[in-house]
Amino acid sequence: MSVDVKIASSWKSKLESEFQKPYFDKLSQFVKEEYQTQVIYPPGKEIFRAFDCAHFDHLKVVIIGQDPYHGPGQANGLCFSVREGVTMPPSLKNIFKEIYSDLGKPIPKSGELERWANQGVLLLNATLTVRASAPGSHQKKGWETFTDAVIKEISDQKNNMVFLLWGAYAQKKGEIIDRNKHLVLMSAHPSPFSADRGFFGCKHFSKTNEYLKSKGLKEIDW
């Protein structure tokens, strides 16, 4: 990637072959040009932040999102997460409402989810960049091929992972996950348009922790 990015060494070795493929070179050129000519989110140095915060060796959970937020100052390289001090988008508010309902944990003031990532939660958007105010603008440019490869690598190389697939898009993307080795939890998307259709009451956060505990792994402090 030709912009200023940082990716943890534990991931670099796993994804090196992907970085060498022609599609990724084409994607790199597209992204570089976009950053030079348009307002793009997240900032270039945060494109691979999800990988930098959640190292491959420590992974326990994967949450799959779609696009980064496309409003000023929101996207920070972690799906559903926003920077400290930024108003929580509705989907993130609903995630915290479900955590409160499921686990009784009070809704935090900050929507920065780095503390989840640091515990081994990969907060992975399918598309890692987006043009300001233009959702979906960087779809079908190569990012989905890259993030599919990431999901397959995790599914193949890890055991006893929990994948949280919220909404039809994430569920479709998660079809490559080996259900014999991992726990896959699916529900409606936390968006206000669909949260009442099965996200609220899904109890994915307690179910994740019960599964991790059953495998002798430390639970996530949601």
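Which residues is Q139 in contact with, leaving aside its neighbours within four places in sequence? They are Q66, D67, T127 and E144. Contact here means heavy atoms within 4.5 Å.

This is a predicted model, in which local features need pLDDT of at least 70, side-chain atom pairs count only at pLDDT 80 or more, and totals for chains, interfaces and linings use all residues. Residues are numbered from 1 along each chain as its sequence is written, and side-chain values use heavy atoms, with hydrogens and water left out.

**Around Q139**

Q139 sits in the loop between β4 (130-131) and α6. Helices (H or I, at least four residues) and strands (E, at least two) are DSSP runs, numbered from the N terminus. Q139 is partly exposed, because its relative accessibility is 21%. The scale is simple: buried means under 20% relative accessible area, exposed over 50%, and partly exposed in between, with a 1.4 Å probe and protein chains only. T129 is ten residues from Q139 in sequence, and their C-alpha atoms are 8.7 Å apart.

**The sheet**

Four strands make an open sheet. Their order is β3-β2-β5-β6, and the pairing is parallel. β3 (121-125) and β6 (183-187) are the edge strands; each has a single partner strand, so one side of each lacks a neighbour in the sheet. Neighbouring strands are turned by 20° against each other on average, direction ignored. Two strands count as paired if DSSP finds at least two bridges between them. β5 (residues 162-166) and β6 pair in the parallel sense over five bridges. One residue pair can be named: V162 has L183 in β6 as its bridge partner. Strands of a sheet pair through backbone hydrogen bonds, either parallel or antiparallel.

**Helices on and between the strands**

Helix α6 (residues 143-157) lies across β2 (61-65), β3 and β5. It runs at about 155° to β3. Axes are lines fitted to C-alpha atoms, for helices over the stretch in contact, and angles run from 0 to 180 degrees between N-to-C directions.

Q157 belongs to helix α6. Its relative accessibility is 46%, so Q157 counts as partly exposed. Not counting residues up to four places away in sequence, Q157 touches F56 and K181. P42 is 115 residues from Q157 along the chain, and their C-alpha atoms are separated by 29 Å.

β5, helix α7 (residues 168-173) and β6 form a right-handed β-α-β unit. Right-handed means that, with the strands pointing away from the viewer, the path from the first strand over the helix to the second runs clockwise.

Helix α8 (residues 204-214) has buried residues H204, F205, S206, T208, N209, Y211 and L212. Their cover includes β2, α4 (90-103), α5 (114-117), β5 and β6.

**The largest pocket**

The largest pocket has a volume of about 450 Å³. It is lined by 30 residues, and the closest to its centre are Q66, D67, P68, Y69 and N125. β2 and α7 each supply at least two lining residues. The largest share, three residues, comes from α7. A pocket is an open set of points on a 1 Å grid over the protein atoms alone, where a 1.4 Å probe fits, with protein on both sides within 12 Å along at least five of seven lines; lining residues have an atom within 4 Å of a point. Grid points are joined across faces, edges and corners, and the volume is the space filled by probe spheres set on the points.

**Loops and backbone angles**

E46 lies in the loop between β1 (40-41) and α3 (49-53). E46 is buried, because its relative accessible area is 12%. Apart from neighbours within four places in sequence, E46 contacts A75, N76, G77 and R83. P42 is in the loop between β1 and α3. The peptide bond from Y41 to P42 is cis, with omega near -10°.

Some residues have a positive phi.

| Residue | Phi | Place |
|---|---|---|
| F80 | about 70° | loop between β2 and α4 |
| K203 | near 55° | loop between β6 and α8 |
| G216 | about 75° | just after α8 |

F80 is not a glycine, and K203 is a residue other than glycine. F80 is buried, with a relative accessible area of 9%. K203 is partly exposed, at 39%.
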